[in-house]
Amino acid sequence: MSGKVDQELKLRAGKVIPGGMYGHQSVALLPPQAPQFFVRAKGAYLWDADGQRYTDFMCGYGPNLFGYCHPDIDAAYARQMAEIDVATGPTPRIVELAEAFVETVTHADWAIFCKNGTDTTSMALLTARAYRDRKKVLLASGAYHGAAPWCTPVPAGTVADDRAHFIYYQYNDVQSLENAVAEAGDDLAAIFASPFKHDVLVDQQLPNPAYARRARELCDEKDALLLVDDVRAGFRIERDCSWNHLGVQPDLSGWGKAIANGHPISCLLGNERAKQAASRIYVTGSFWFAGAAMAASLETLRLIRTTDYLERTVAMGNRLREGLSSIAATRDLHLSQTGPVQMPLIMIVNDEGNCDFAKSSTFAGGMIAGGVYFHPFHNMFIGAAMTDADIDHALEVADKVAKTFRERTPA
Ligand code: PMP
C-alpha cells in the first residue's frame, strides 16, 4: 500500500477530480504500492508525499532526460522567465530554437512549437491532409499517438466518424503496410510510424529496416508524407530522428517529452516538401510561444550535442538488462526484457510469452516498495542522471523481489 498521506490525498482527489486522477499518470492500474503523489524530484530520484525516495525508472514517462532540476537547464529557464515568457508575441528564442532543431535533426528544414505530443501528432495529421488535399492516413495498430479523438486508445466520448479515414497496418509487416496503401488508393495522405514498436503490454520490437525503407518508398511513390512519431523516443535513440541510423528520413517528425528536460514544449519538424502545407494549416495555442521552455530546450539541445549522455544511458541500460537476465535465470523468473536497453519494457510473462498482468504487477510492486520505481507494463527510461550505483541498487532490490516471488505469487 502507498503511504498514509498518499491515501488521504487520493480520498480528497476522488471528490474533486473525475475518477480520482486521469490519463497515464493515474495509478488505477498500477500495483497498490505505487504512490499517486510526489512532492520532490531531483536528479534520478523522486520523493512521494510520505517522504519515501525512489530511483525513478519512469523519468516522468519520458521528459526527464538529464535529471530532474538540472542546474543549467533550469537556470536557462529561470533567466528567460525573469525577462519574458508568455506575452503578446514570441521571443527571439523561437527562431534560435527552430535553427537549433534544423541543425540537429537531419530531415528537418523547419519547426513549429507546441506544448504536448498530441499537439504535434495532430498537427502532423493536418499537414499531411493539407499537403495534397487527401484523407487517408495509415496507423500501426496499437501504436500510441496521443489522446485526441482521432487517436485516443479509450473510445469513450469519441464517435466512429473520428476515425473514418484511418487504415491500420501491422508494425514491421511490409505486406500489411502495402495492403493498407493499396486500400487507400489515390487518397493516401500519410503513413504514421513509431520509431520502434513501443505499445503497452506487448513486447517491444525494434524497427525492421526493410519495413522502414518500404514506408519511405511507398510515400514517395504515392506522393504522401511519412511521419516518425518521436515524441517518446526522441533523443533517447540517437542525436537525430530515431530512424536516421536506418538511413530513412521522414518528411515529418513529432517531438515532445525530453526536448526541454521536462519543461513544457513539443514540436513538429518537417522538410521542404511539407513546408507549404504546414504554412497553410491554422495551429496555435495560448502557451505555444512561451519563451522560458524554449530557453530550456536550447540548453537541453546543447547538452545533447556536447555530452556523452546517450552512450551512458545505453551502458547503464545494458548493465540493467544483463543484471536482470542473470537474476531471472538464477531465480527461475519468466522475465521478458524488450526494446532498446535505454527504454526497456520489463514484464513477467506466461508460458506463451504474453504479459502476466498479476505477476508483472507483483514484481513492479515489490520494486516500488524497495524504493525503485518500476512499471509493470509500460516501457521505462534510463536517465542520464542515473549512475551505475543506481542500477546496482535496482538489481539488489530485484534480486530480493525475485527470491520471494514464487511464495508471493503462487501459480
Ligand atoms: N506519441 C507518443 C509516441 C507518445 O509516447 C506520446 C505520449 N506518451 C504522445 C504521442 C502524446 O504525447 P502527450 O502525452 O505529450 O500529448
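Good morning. In this talk, a residue counts as near a molecule if one of its heavy atoms lies within 4 Å of that molecule. The structure before you is a predicted model, and I shall begin with its ligand.

Which residues stand around the ligand? They are Asn-116, Gly-117, Thr-118, Tyr-144, His-145, Gly-146, His-198, Asp-229, Val-231, Arg-232 and Lys-257. By character, this shell divides into 2 nonpolar, 6 polar and 3 charged residues.

Let us look at some individual contacts. Asp-229 places a polar side-chain atom 2.7 Å from a nitrogen atom of the ligand. Lys-257 also has a polar side-chain atom facing a ligand nitrogen, at 3.1 Å. For Arg-232, the partner is an oxygen atom of the ligand, and the distance is 2.8 Å. How much of the ligand does the protein bury? Taken alone, the ligand exposes 390 Å², and the protein buries 88% of that.

I turn now to the aromatic rings. The model contains 18 aromatic pairs, and I have chosen two of them. One joins Phe-38 and Tyr-373, whose ring centres are 6.1 Å apart with 65° between the planes. This arrangement is edge-to-face, because the angle between the planes is over 60 degrees. Where do these two residues lie in the chain? Phe-38 belongs to strand β1, residues 38-42, and Tyr-373 to strand β13, residues 372-373. The pair therefore links distant parts of the chain, with the two positions 335 residues apart in sequence. Are these partners buried or exposed? Tyr-373 has a relative accessibility of 6% and so counts as buried, since buried means under 20%. Phe-38, at 33%, is partly exposed.

The other pair is formed by Tyr-211 and Trp-243. Their ring centres are 5.9 Å apart and their planes meet at 85°, so this pair is edge-to-face as well. Tyr-211 sits in helix α6, residues 209-222, while Trp-243 is in the loop between β8 (225-229) and β9 (252-255). These residues are 32 apart along the chain, and the pair again links distant parts of it. Tyr-211 has 0% relative accessibility and counts as buried; Trp-243 is likewise buried, at 0%.

Beyond pairs, there is also a group to consider. Phe-57, Phe-363, Phe-374 and Phe-405 form one aromatic cluster.

Rings may also have a charged group over them. Which ring lies beneath the charged end of Arg-132? The ring is that of Tyr-131, and the distance to its centre is 4.0 Å. In addition, Arg-129 lies over the face of Phe-166, 5.2 Å from the ring centre.

Finally, I should like to set two residues side by side, Val-397 and Leu-29. Val-397 is in helix α11, residues 388-403. With a relative accessibility of 10%, Val-397 counts as buried. Its C-alpha atom is 16 Å from that of Met-347, a residue 50 positions away along the chain. Leu-29, by contrast, is found in the loop between α1 (4-16) and β1. Leu-29 has a relative accessible area of 56% and is therefore exposed, because exposed means over 50%. How far apart are Leu-29 and Ser-361 in sequence and in space? They are separated by 332 residues in sequence, and by 8.9 Å from C-alpha to C-alpha.

To close, I return to the ligand: the protein buries 88% of the 390 Å² that the ligand exposes when taken alone. Thank you for your attention.

Note on methods:
Residues numbered from 1 in each chain as written. Predicted model: local features only at pLDDT ≥ 70, side-chain atom pairs only at ≥ 80, totals over all residues. Heavy atoms only, no water. Polar contact = N/O pair within 3.5 Å; in protein donor to acceptor, adjacent residues only side chain to side chain. Areas by Shrake-Rupley, 256 points an atom, 1.4 Å probe, with all protein chains shown as cover. Nonpolar A, V, L, I, M, F, W, Y, C, P; charged D, E, K, R; others polar. Phe/Tyr/Trp six-rings, centres within 6.5 Å; stacked < 30°, edge-to-face > 60°. Helix = DSSP H or I, 4+ residues; strand = E, 2+ residues; numbered from the N terminus. Buried < 20%, exposed > 50% of the residue type's maximum accessible area, 1.4 Å probe, protein only. Lys NZ or Arg CZ within 6 Å of the ring centre and 35° of its normal.
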